[in-house]
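This report works through one protein chain, taking helix packing, charged pairs and backbone details in turn. The model shown below is a predicted one.

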Amino acid sequence: KSSLDPTLSHMVMDSIREANTHLVLRGDLHLTYLCVPPLIENVYVNWMLYFDSYNKFDETTKLTFLAAGLEEAYLARRAFSQNAADVAKEVPYKKFYVAGAIHMLISGAPTWRVSNIFKIPRGTLQSNLNACIAHASKLAYFTKELPEYWALSSVFEALVKKLFFAGTPELAQILELPGIKAARAKQLHRAGYQSLQKLAAAEPRLMVGDIEHLTEHQAQKIISSAKIMLQEQADALTDAAIQLLEEV
């Protein structure tokens, strides 16, 4: 029911068993690692960069690296050796490399910056993020169906939401508008309506022309809702400022 590829299910189960024993919950890196699909395509790993980065890992990242069963010695061999690698052996290391990039997106780093740091083209990065979202959704369902792993399901579900906003945190604001679902939020974002301010200043007729399957009535409702939300935010800031002044 989870649509997991049967040929990969044993690899997924090994990861889940490992996580259930000692999942690193300082941040989302370990969960993100688990949600990167086992087979990663079109990602060239710069092993020297990878090895240099390992030496700069913070405590949590290093702990996660070790908890995933990875070894510094392997990175060193790949960085300094030109010999062909064992493809199966490098899979978890490539997963961790991609997980590091996606984790940066979750943390709010813009796509262009993550692309430059990890030397992954933006299109490939977005493709891997989409694959990660799909895999995380499958894991959430998969673990929910297994009594011994039910507790992991809720954390995978929470991660799916974070992954959805990765690279575009402003989508979260758009989704707060009444009646706006994920697909519509993405349509608005792609059309240039990337903030409440831009939505509030929009013209209904122009918005209808920009967004497929949007009526003028729906456009007016979105614009009105954005104006109301902005006013509420402004009122909240004013109240907070008055309260601070009264305490001085």
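## Helix packing

Helices H3 and H6 are roughly perpendicular to each other, because their axes make an angle of about 70°, and angles of 65 to 115 degrees count as roughly perpendicular. Helix H3 covers residues 47–54 and helix H6 covers residues 87–106, and where the two pack their axes are 12 Å apart. The hand of the crossing between H3 and H6 is left-handed.

## Overall architecture

The chain in which this pair sits is built from 14 helices and has zero strands, so that the order of elements from the N terminus on reads α-α-α-α-α-α-α-α-α-α-α-α-α-α. Along its principal axes, the C-alpha trace of the chain spans about 60 × 50 × 40 Å. Of the 248 residues in the chain, 42% are buried.

## Salt bridges

Side chains of opposite charge can pair when their charged atoms come close. The count for this chain comes to five salt bridges, and three of them are described here, beginning with the pair formed by Asp-28 and Lys-162, in which the closest N and O atoms are 3.0 Å apart. Asp-28 lies in the loop between helix H1 (9–22) and helix H2 (29–35), while Lys-162 belongs to helix H9 (residues 150–165), so the pair ties together parts that are 134 residues apart in sequence. With a relative accessible area of 16%, Asp-28 is buried, because the cut-off for that class is under 20%, whereas Lys-162, at 40%, is partly exposed.

Helix H9 also contributes Glu-157, whose side chain meets that of Lys-144 in a salt bridge with an N to O distance of 2.9 Å. This pair links distant parts of the chain, Glu-157 being in helix H9 and Lys-144 in helix H8 (residues 122–144), with their positions 13 residues apart in the sense that they are 13 residues apart. Glu-157 counts as partly exposed at 35% relative accessibility, and Lys-144 likewise counts as partly exposed, at 47%.

A further salt bridge is formed by Glu-216 and Arg-205, with the closest N and O atoms 3.9 Å apart. Glu-216 is in helix H14 (residues 216–247) and Arg-205 in helix H13 (residues 204–210), and although the two are eleven residues apart, the pair links distant parts of the chain. Glu-216 is partly exposed, with a relative accessible area of 36%, while Arg-205 is exposed, with a relative accessible area of 69%.

## The two sides of helix H4

Which residues of helix H4 (residues 59–67) are buried? They are Thr-61, Thr-64, Phe-65 and Ala-67. These residues cover an arc of only 165° around the axis, which means that they lie on the same side of H4. The face of H4 turned away from that buried side carries the exposed residues Glu-59 and Leu-66.

At the start of H4, a side-chain oxygen of Asp-58 reaches to within 3.3 Å of the backbone nitrogen of Thr-60. After the helix comes Gly-69, whose phi is positive, near 80°.

## A buried threonine in helix H8

Thr-143 has its place in helix H8, and with a relative accessible area of 0% this residue is buried. Its side chain has a polar atom 2.7 Å from the backbone oxygen of Leu-139. In addition, the backbone nitrogen of Ser-153 lies 3.5 Å from a polar atom of the side chain of Thr-143.

## Positive phi outside glycine

Lys-119 has a positive phi of about 60° although this residue is not a glycine. Its place is in the loop between helix H7 (111–118) and H8, and at 51% relative accessibility Lys-119 counts as exposed, because the cut-off for that class is over 50%.

His-213, which is also a residue other than glycine, has a positive phi near 60°. The loop between H13 and H14 is where His-213 is found, and with a relative accessible area of 68% His-213 is exposed.

Conventions
Residues are numbered from 1 along each chain as its sequence is written. Side-chain values use heavy atoms; hydrogens and water are left out. A salt bridge is a side-chain nitrogen of Lys or Arg within 4 Å of a carboxyl oxygen of Asp or Glu. Helices (H or I, at least four residues) and strands (E, at least two) are DSSP runs, numbered from the N terminus. Buried means under 20% relative accessible area, exposed over 50%, partly exposed in between (1.4 Å probe, protein chains only). The arc is that of the directions from the helix axis to the C-beta atoms. A polar contact is a pair of N or O atoms within 3.5 Å; within protein, one must be able to donate a hydrogen and the other to accept it, and residues adjacent in sequence count only if both atoms are side-chain atoms. Axes are lines fitted to C-alpha atoms, for helices over the stretch in contact, and angles run from 0 to 180 degrees between N-to-C directions. Angles under 35 degrees count as roughly parallel, over 145 as roughly antiparallel, 65 to 115 as roughly perpendicular and the rest as oblique. A crossing is left-handed if the near helix is turned anticlockwise from the far one by less than a right angle, and right-handed if clockwise.
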